[in-house]
Amino acid sequence: MPTFTLDQAILTAVQRNPTLLNAEQEIKRSRGVIIQVRAQALPQINANANFQWTDPNLTAARILGTTSTTTGTTPTTPSAAAASLMEGLPSSQVGDVRTPLAAATPNPVRNVATSDISYAISVTGTQLIFNGTTFNQIRGTFFQRDSAYFAFRNVLDSLIATVKTQFYQIIVNRELVKVNEENVHLLEAQLKDQQNRFEAGTVPRFNVLQADVQLHNQIPQLITAENNLRISKLQLAKTLGLDFKRRRGDSPPLEVIGDMPYIPRPIELADAIEMGKQRRAFLKEARANVLNQLQQVRAAAGQYLPSITTTGGGEWVSDPVNSSWHDISKGWTALVQGSMPIWDSGAIAGQVIQQRALLSEAKITYDDDVRQVELEIQTAYSNLQQNEELVKSQEKNVELADEALRLAKARLDAGAGVQLDVLNATVQLLTAQSTRLQALFGYNSSLAEFDRATGAQSTYTEMFANLRPRATTTKTYYTGSEVDAMGDRKETGEERVTRTRRTSAK
């Protein structure tokens, strides 16, 4: 059975948790998007080839056609036509008619034999010269990559806080089991003592029944505590990415080593809120989304600009009458193409309007995310204060309840007290111990949530420094109180009034 300390549990989670692994793959996917979109601005080289063979019997029919057409009428030769004409003339005119010279026989036409094999090879390259969309889209992909990285950081911070909470939940459930076991043993001893006293005739049977009822009322609480402990172990095992092993049967999937710490931490709320704004990956992800949407607006508006591309390459074509490689025709080609929209019935304008609306939505979301961070930090701070006060109050209360139980037993043994006092003191001690454990758990879980809300998990996030894009460390992603969603400096009230006055004076 694997055993984990808190640090070992966190390290296992960051290595095996599926949500974090998916977020890491999203970073890699965004890098692939950068390569894909960037390729539109880089040279594209393609090679094309074709080879064709045609049966020689079809070659002549397709290219030269048939040389003669046969009909049912016998053709009339020039000499026969002349003889017929001479017979129809008077005898006095026959002598004046001379036989015409025979027409010159044309040279015989020779059929040119074409090759039954043809092939062509071409290698062409295409390069984008200018357009108004591609370069803005490329810049947008870099912001998408940064957004994926910050989303990963946000998942990591949440995972660490979850592991801490579930780890402490196991500890508090384990301690609650011990407390309930002690109370069960105490009530069993109390029941046995009352039975002995009843057999000795010093107490009525009512005391035995009362002790027995109190014992059986405590046993379900022990069963519930044991079940809560098993469930909490299963939940942590799922978070750590541990697989079910058939041979372990119904035994717990893991064990934890550690106690419930109580280390008071002095906190200045105003400083904590400012630190949270500056460090939270949640806000930096929102900033990256705003900047990406800004590039999408520019890309949509860039469709109004002309687009220019050039294509060039070489081509090799086989000779039509000879398929030999030495008789091919070869040469170079070059082409420059340009296009520019003249009238599109508002299609581009509609896209620009949509993208500007999405940009406004991203800015509004960023402002709301800032308020969300402020709320999370203040809520965690308030919970810390509450649980810290509960811990301090219950520490003294446990001591008092333990002393009250000791005195109740002493009074009962001396005959000055009654059994009900002992049972009541036992219940009060159990309540005080349980409340103190819950307060300790609440304090540590609130502290984990406070660290998540303020982005104070840098000890573990530095493990993934190789995934961090260099741009994410620049002032582009500074998210302090003095900047807006775009990262521009906010105007103070005095600056806004001064600018308004200048505008009114004009």
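**Reading helix packing and a sheet**

Visitor: I'm looking at helix α9 (residues 281-301) and helix α10 (residues 347-414); at roughly what angle do their axes cross?

Guide: Keep in mind that this is a predicted model. The axes of α9 and α10 cross at roughly 170° and come within 9 Å. An angle over 145 degrees counts as roughly antiparallel, so α9 is roughly antiparallel to α10.

Visitor: Which classes of residue make up the contact of α9 with α10?

Guide: Sorted by class, you get 16 nonpolar, five polar and four charged residues in the contact of α9 with α10.

Visitor: Let's try another pair. At what angle do helix α6 (residues 134-200) and helix α11 (residues 419-453) pack?

Guide: Use the cut-off again. The angle between α6 and α11 is about 175°, and their axes are 9 Å apart. They are therefore roughly antiparallel to each other. The contact of α6 with α11 has 13 nonpolar, 14 polar and five charged residues.

Visitor: And helix α1 (residues 6-16), at what angle does its axis cross that of α6?

Guide: Roughly 140°, with the axes of α1 and α6 coming within 10 Å. That angle makes α1 oblique to α6. As for handedness, the crossing of α1 past α6 is right-handed.

Visitor: Which residues of α1 and α6 make the contact?

Guide: Here's a handy idea before you look. An α-helix has 3.6 residues a turn, so residues three or four places apart point the same way. Now to the case: α1 brings Leu6, Ala9, Ile10, Ala13 and Val14 to the contact. On the α6 side, look for residues including Leu156, Leu159, Ile160, Val163 and Phe167. By class, the contact of α1 with α6 has eleven nonpolar, no polar and one charged residues.

Visitor: How many Å should helix α7 (residues 205-240) span?

Guide: The idea is to allow 1.5 Å a residue, which means the 36 residues of α7 should span 52 Å. The C-alpha atoms at the two ends are 54 Å apart, which agrees. Then look just past the helix: glycine 241 follows α7, and its phi is positive, near 80°.

Visitor: Now for the sheet. In what order do its four strands come?

Guide: Read across the sheet, neighbour by neighbour. It is an open sheet in the order β2-β3-β5-β6, with antiparallel pairing. β2 and β6 (329-339) stand at the edges with a single partner strand each, so one side of each has no neighbour in the sheet. On average, neighbouring strands of this sheet are turned by 15° against each other, direction ignored.

Visitor: How many bridges join each pair?

Guide: Take the pairs in turn. Strand β2 (residues 44-53) and strand β3 (residues 117-130) are joined by ten bridges. β3 pairs with strand β5 (residues 307-317) over ten bridges too. Between β5 and β6 there are eleven bridges.

Visitor: Which residue in β3 is the bridge partner of asparagine 50?

Guide: Alanine 120. Now hop across the sheet from there: alanine 120 also stands opposite valine 317 in β5. You can find other partners as well. Glutamine 44 is matched with threonine 126 in β3, and threonine 124 has glycine 313 in β5 as its bridge partner.

Visitor: What about β6, which residue there is the bridge partner of tryptophan 316?

Guide: That one is lysine 330.

Conventions
Residues numbered from 1 in each chain as written. Predicted model: local features only at pLDDT ≥ 70, side-chain atom pairs only at ≥ 80, totals over all residues. Heavy atoms only, no water. Pairing = 2+ DSSP bridges. Axes fitted to C-alpha atoms, helices over the stretch in contact; angles between N-to-C directions. Parallel < 35°, antiparallel > 145°, perpendicular 65-115°, else oblique. Nonpolar A, V, L, I, M, F, W, Y, C, P; charged D, E, K, R; others polar. Left-handed = near helix turned anticlockwise from the far one by under 90°. Contact = heavy atoms within 4.5 Å. Expected span 1.5 Å × (residues − 1).
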